[in-house]
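Biologist: Let us go through the pockets and the ligand. I want each term held against its cut-offs.
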Amino acid sequence: MLTTGDIARLFRQLAETIGAARDELCRLDGVIGDADHGIAMADGFAAASSAIDALSEEATLADQFNAAAKGFLNAVGASSGPLYATAFMRAAKAAGARAEMPMIEAPTLIIAMAEGIRSRGKAEQGEKTMVDVWTPAAAAAEQGMASGLPLREIMTRIRDAATEGAESTKSMVATKGRSARLGERSLGHIDPGAASATIVLNVIAEDWGQRGTA
Ligand code: ADP
Ligand code: MG
């Protein structure tokens, strides 16, 4: 089972890993944006994790993701703020008001987060954003579940799809967000939001891929 204890631990891990990538993400955003993406993501995940840790013992999975959403949104002024806040609100809805959920349903949380980011940002694949990572990762989750693959294999495919998706943004021209102003000059550079999304998905998929499916 995926428990509230698991989610609290997962967010601590996300805060730590994204925190360690902060400077590199700012550097990537400096090339085609305003160099604040590492700060946004590090502050956001630190706030999300703290908000979860501040909840009472009785908090449900939905409470945790909603607290993460609120914490992230309050901490981040950049466009990644509302995007990840919406992702977590969708995950809250998918997880529901329960203290644990079967591990085999865990991929639905990734699908829900991707849908939240898409509906909030209105970006399509190919526009050089984090959607180019979240959408193929969610598709891998959906296909893996539909084919009845073991959780470990689904998580491996999610990680591969995310890594490929981030790499694919290098050959895209940005048409959404701040870097859209650069037009053709955005070519050749990885999108910072896609890079951070890959880190987020890798942490989640590595964690869940090590678990049994009960
Ligand atoms: P800002 O651009 O406000 O400084 P950040 O630096 O935190 O915000 O995040 C930039 C990232 O946000 C981009 O690299 C891109 O991946 C993502 N992004 C921007 N606009 C959108 C959108 N409409 N939909 C999805 N992702 C977006
Ligand atoms: Mg920025």
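Biologist: How do the residues of the lining of the largest pocket divide into nonpolar, polar and charged?

Modeller: The lining has ten nonpolar, nine polar and eight charged residues. Ala, Val, Leu, Ile, Met, Phe, Trp, Tyr, Cys and Pro count as nonpolar, Asp, Glu, Lys and Arg as charged, and the others, Gly among them, as polar. A caution: this is a predicted model, where local features need pLDDT of at least 70 and side-chain atom pairs pLDDT 80 or more, while totals for chains, interfaces and linings use all residues. Residues are numbered from 1 along each chain as its sequence is written, chains are lettered from A and ligands numbered from 1 in the order written, and side-chain values use heavy atoms, without hydrogens and water.

Biologist: What makes a set of points a pocket and not a cavity?

Modeller: Both come from a 1 Å grid over the protein atoms alone. In a cavity a 1.4 Å probe fits but cannot get out; a pocket is an open set with protein on both sides within 12 Å along at least five of seven lines. Lining residues have an atom within 4 Å of a point. The largest pocket holds about 500 Å³ of space. Of its 27 lining residues, S79, S80, L83, G177 and R178 are the closest to its centre.

Biologist: Which residues line the second largest pocket?

Modeller: T4, G5, A8, R12, I52, D53, L55, S56, E57, A59 and Q64. The space there is about 180 Å³. Helix α1 (4–20) gives the most, with four residues.

Biologist: Where does ligand 1 sit, and what makes "sits in" the right term?

Modeller: Ligand 1 sits in the largest pocket. The term requires more than half of a molecule's atoms within 2 Å of the pocket's grid points, so ligand 1 passes that test for the largest pocket.

Biologist: Which residues are the closest to ligand 1?

Modeller: S79, S80, G121, M130 and D191, out of 21 that surround ligand 1. To count as near, a residue needs a heavy atom within 4 Å. Helix α9 (192–209) supplies the largest share of the shell, three residues.

Biologist: Why is the pair between ligand 1 and S80 called a polar contact?

Modeller: An oxygen atom of ligand 1 is 2.5 Å from a side-chain N or O atom of S80. The limit for a pair of N or O atoms is 3.5 Å, so the pair qualifies. The D36 side chain lies 3.0 Å from a ligand 1 oxygen, and a polar backbone atom of G193 lies 2.9 Å from one. Taken alone, ligand 1 exposes 570 Å², of which the protein buries 92%.

Conventions. Points joined across faces, edges and corners; volume = space filled by probe spheres on them. Helix = DSSP H or I, 4+ residues; strand = E, 2+ residues; numbered from the N terminus. Polar contact = N/O pair within 3.5 Å; in protein donor to acceptor, adjacent residues only side chain to side chain. Areas by Shrake-Rupley, 256 points an atom, 1.4 Å probe, with all protein chains shown as cover.
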